[in-house]
Amino acid sequence: MRTLESKVVVLGSQGVGKTSMIKRYAGDDLNRPSPTVGASFFTCRINLQDVRVKLQVWDTAGQERFRSMAPMYYRHANAAVLVFDITQYKTFTAIKTWVNELKRNIEEPMVLVLVGNKCDLAEERSVDPEEGRTYATIIGASYHETSALHDEGIGKVFLTIACELLSRLTDGKTESPHLRVQDSPSSGFGSSDSEYPLTPSSEESLANASIAHGIHEKPPACC
Ligand SMILES: Nc1nc2c(ncn2[C@@H]2O[C@H](COP(=O)(O)OP(=O)(O)O)[C@@H](O)[C@H]2O)c(=O)[nH]1
Ligand SMILES: [Mg+2]
């Protein structure tokens, strides 16, 4: 069985629900406190056909309020989730800034998904889904609406990323040196991640003492 390893960054204005989405996907308690400095990530494993896809999903720890993240956050990222709040138009316009920030920090083509979160607050909606879809098309992203509160649409966001990474790989469309594929005949899901290649270096870990890492395993899925 082959293993595909990738790094996914989550971007968007403060308060749009990034941490809630990630916690929801990680099967974590939404009320558990998160680190307040540095960054944290968790690894989600999904079996897609005959490939084991590991998504290393990175969360910010509030640095987004400075409208810019440390380069380490973007390093070797293969996909980005751009999140806005459907009830706050300014968080939608802010996506453009995040797209520019991505362009500044990442040269290789990435998988992009645009996500309108808080769709449970439909009566307060200020971003038309058509506008969201149109902008997604312009930036080459897929468009999703989610509710982290009600756990709606979140699994689909990450499954879309995993499927897109896989199809780019099998189509030979990506030559990214950072999208790692390994043949892993013996190691199963229970195997150690001690040599996990995307784990921050010890130097980075020291500089970001609050980095936390969790692992979550998803049931097999198909694209
Ligand atoms: N109604 C609603 N509130 C949400 C949703 N997702 C997050 N929130 C709330 O929005 C606030 C900010 O969420 P958080 O995950 O910390 O946002 P972050 O700053 O982008 O990481 C919190 O009060 C969450 O409970 C959602 O889907 N619906
Ligand atoms: Mg957060």
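Here are some friendly notes on this predicted model, point by point.

1. **Overall make-up.** The protein chain has 223 residues, and 36% of them count as buried. Its secondary structure comes to six helices and eight strands. Read from the N terminus, these elements follow the order β-α-β-β-α-β-α-β-α-β-α-β-α-β. As for contacts in the chain with a separation of 6 or more, 77% of them join residues 24 or more positions apart.

2. **Confidence.** You will probably want this before anything else: the mean pLDDT of the protein chain is 82, with 78% of its residues at 70 or more. Two stretches deserve some care. Over residues 186-197 the pLDDT stays under 50, and the model has six contacts for them beyond four places in sequence. Residues 201-210 also have a pLDDT below 50, and here the model shows 11 contacts beyond near neighbours in sequence. Where pLDDT is low, the predicted coordinates should not be read in detail.

3. **The ligand shell.** Which residues come nearest to ligand 1? They are Gly17, Lys18, Thr19, Ser20 and Leu149, out of 15 residues around the ligand. By class, the shell divides into eight polar, four nonpolar and three charged residues. Helix 1 supplies the largest share of this shell, namely three residues.

4. **Helix 1 against helix 5.** Two packed helices are described by the angle between their axes and the distance between the axes. For helix 1 (residues 18-25) and helix 5 (residues 154-170), the axes come within 9 Å and cross at roughly 80°. Helix 1 is therefore roughly perpendicular to helix 5, because angles from 65 to 115 degrees fall in that class. On the helix 1 side the contact is made by Met21, Arg24 and Tyr25, which meet Ile154, Gly155 and Phe158 of helix 5. The residues of this contact comprise four nonpolar, one polar and one charged.

5. **Ile22.** Helix 1 also holds Ile22. Is Ile22 buried or exposed? It counts as buried, because 27 C-beta neighbours lie inside 10 Å, and the cut-off for buried is 20 or more. Leaving aside residues up to four places away in sequence, Ile22 touches Val10, Val57 and Asp59. For one of these partners, Val10, there is also a C-alpha separation from Ile22: 8.5 Å, with the two residues 12 apart along the chain.

6. **Arg67, a backbone to check.** If you look through the backbone torsions, stop at Arg67, where phi is near 60°, a positive value in a residue other than glycine. Arg67 sits in the loop between strand 3 (51-59) and helix 2 (71-74). It counts as exposed because it has 12 C-beta neighbours inside 10 Å, and exposed means 12 or fewer.

7. **His76, another positive phi.** His76 is not a glycine, yet its phi is positive at about 65°. Where does His76 lie? Its place is in the loop between helix 2 and strand 4 (79-85). His76 is buried because 20 other C-beta atoms lie within 10 Å, where buried requires 20 or more. Set side by side, then, the two positive-phi residues read as follows: Arg67 counts as exposed, whereas His76 is buried.

Key: Residues numbered from 1 in each chain as written. Chains lettered and ligands numbered in written order. Predicted model: local features only at pLDDT ≥ 70, side-chain atom pairs only at ≥ 80, totals over all residues. Axes fitted to C-alpha atoms, helices over the stretch in contact; angles between N-to-C directions. Helix = DSSP H or I, 4+ residues; strand = E, 2+ residues; numbered from the N terminus. Parallel < 35°, antiparallel > 145°, perpendicular 65-115°, else oblique. Contact = placed C-beta atoms within 7 Å. Nonpolar A, V, L, I, M, F, W, Y, C, P; charged D, E, K, R; others polar. Near = placed C-beta within 6 Å. pLDDT = per-residue confidence, 0-100.
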